[in-house]
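Reader: I'm new to this structure and would love a close look at one part of it. Could you walk me through a single spot and then show me how it connects to its surroundings?

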Amino acid sequence: MTKHMTGTRKEWLAARSSCSRGEGANAAQRRAGAAAARAAVVRLDKEYRFETDEGSASLADLFRGRSQLLVYHFMFGPDYKAGCPSCSAIADGFDGFVVHLANHDVTLSAVSRRRSRSCSV
């Protein structure tokens, strides 16, 4: 059986307060890192083309008029018999949240070496 540390309420509150300070510092660091990542913009020098259910599309076409594009790399290479089991499980949930992304001006596009598919509402 696992032996758990026990203490007084005062000791617990002191430990919890210490943890909260650490969590706050970690959250601030994550926010700063996320802001730096959002600020890092790279101009694309290459014209990317994607084969979709509707035909050939540029990277800009994948946005489908929205300001943001979320690209999911679905593991499905040319020699695969089926999609990656983990990717398939994740893709099963796309229909449930793609409407929420669309409501926030985001288009979801799943890409693989075989085919690209934008999920839209």
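Author: Let's start with Thr52, which sits in strand E1, a stretch covering residues 49-52. This is a predicted model, and in it Thr52 counts as buried because its relative accessibility is 9%, under the 20% limit. The side chain of Thr52 has polar partners on the backbone of two residues. A polar atom of that side chain lies 3.1 Å from the backbone nitrogen of Glu54. A polar atom of the Thr52 side chain also lies 2.6 Å from the backbone oxygen of Gly55.

Those contacts bring us to the neighbouring strand. Strand E2 covers residues 55-58 and runs antiparallel to E1, with four bridges joining the two. The connection from E1 to E2 is a hairpin that passes through two residues. Across the pair of strands, Arg49 in E1 stands opposite Ser58 in E2. As a rule for reading such a region, side chains in a regular strand alternate between the two faces of the sheet.

Arg49 is a good place to pause. Its side chain meets that of Glu47 in a salt bridge, with 3.4 Å from N to O. Arg49 counts as partly exposed, at 44% relative accessibility, while Glu47 is exposed, with a relative accessible area of 56%.

Glu54, whose backbone nitrogen we met beside the Thr52 side chain, has a salt bridge too. The side chain of Glu54 meets that of Arg64 at 3.1 Å, N to O. This pair links distant parts of the chain: Glu54 is in the loop between E1 and E2, and Arg64 is in the loop between H2 and E3, ten residues apart. Glu54 counts as exposed, since its relative accessibility is 60%. Arg64 is partly exposed, with a relative accessible area of 36%.

How many salt bridges does a search of the whole structure find? The count is three. Besides the two just described, Arg16 and Glu23 meet through their side chains, at 3.7 Å from N to O. Both ends of that salt bridge are partly exposed: Arg16 has a relative accessible area of 35%, and Glu23 has 45%. The general idea behind such pairs is that side chains of opposite charge can pair when their charged atoms come close.

Following the chain onward from E2, we reach helix H2, residues 59-62, where Ala60 lies. Ala60 is exposed, with a relative accessible area of 54%. For a sense of distance, the C-alpha atoms of Ala60 and Thr2 are separated by 55 Å, and these residues are 58 apart along the chain.

Next come the rings. A search of the whole structure finds four aromatic pairs. One of them joins Tyr72 and Phe94 edge-to-face, with 5.7 Å centre to centre and 80 degrees between the planes. Tyr72 is in strand E3 (residues 68-73) and Phe94 is in helix H4 (residues 94-102), so this pair ties together parts that are 22 residues apart in sequence. Phe94 counts as buried, at 6% relative accessibility. Ring pairs also draw in Phe97, linking Tyr72, Phe94 and Phe97 into a cluster.

Another aromatic pair, Phe76 with Tyr80, is tilted: the ring centres are 6.4 Å apart and the planes make 35 degrees. Phe76 counts as partly exposed, at 22% relative accessibility. Tyr80 also counts as partly exposed, at 35%.

One last stop is the cysteines. How many disulfides does a search of the whole structure find? It finds zero. Cys84 is in no disulfide, and the nearest cysteine sulfur to its own, that of Cys87, is 3.7 Å away. Why is there no bond between Cys87 and Cys84? The two sulfurs are too far apart for one, because a disulfide needs them within 2.5 Å and the separation here is 3.7 Å. Cys87 is buried, with a relative accessible area of 5%.

To come back to where we began, Thr52 is a buried residue in strand E1, and its side chain has polar atoms beside the backbone of Glu54 and of Gly55. From Glu54, the salt bridge to Arg64 carries the link on to the loop between H2 and E3.

Notes: Residues numbered from 1 in each chain as written. Predicted model: local features only at pLDDT ≥ 70, side-chain atom pairs only at ≥ 80, totals over all residues. Heavy atoms only, no water. Buried < 20%, exposed > 50% of the residue type's maximum accessible area, 1.4 Å probe, protein only. Polar contact = N/O pair within 3.5 Å; in protein donor to acceptor, adjacent residues only side chain to side chain. Pairing = 2+ DSSP bridges. Phe/Tyr/Trp six-rings, centres within 6.5 Å; stacked < 30°, edge-to-face > 60°. Salt bridge = Lys/Arg side-chain N within 4 Å of Asp/Glu carboxyl O.
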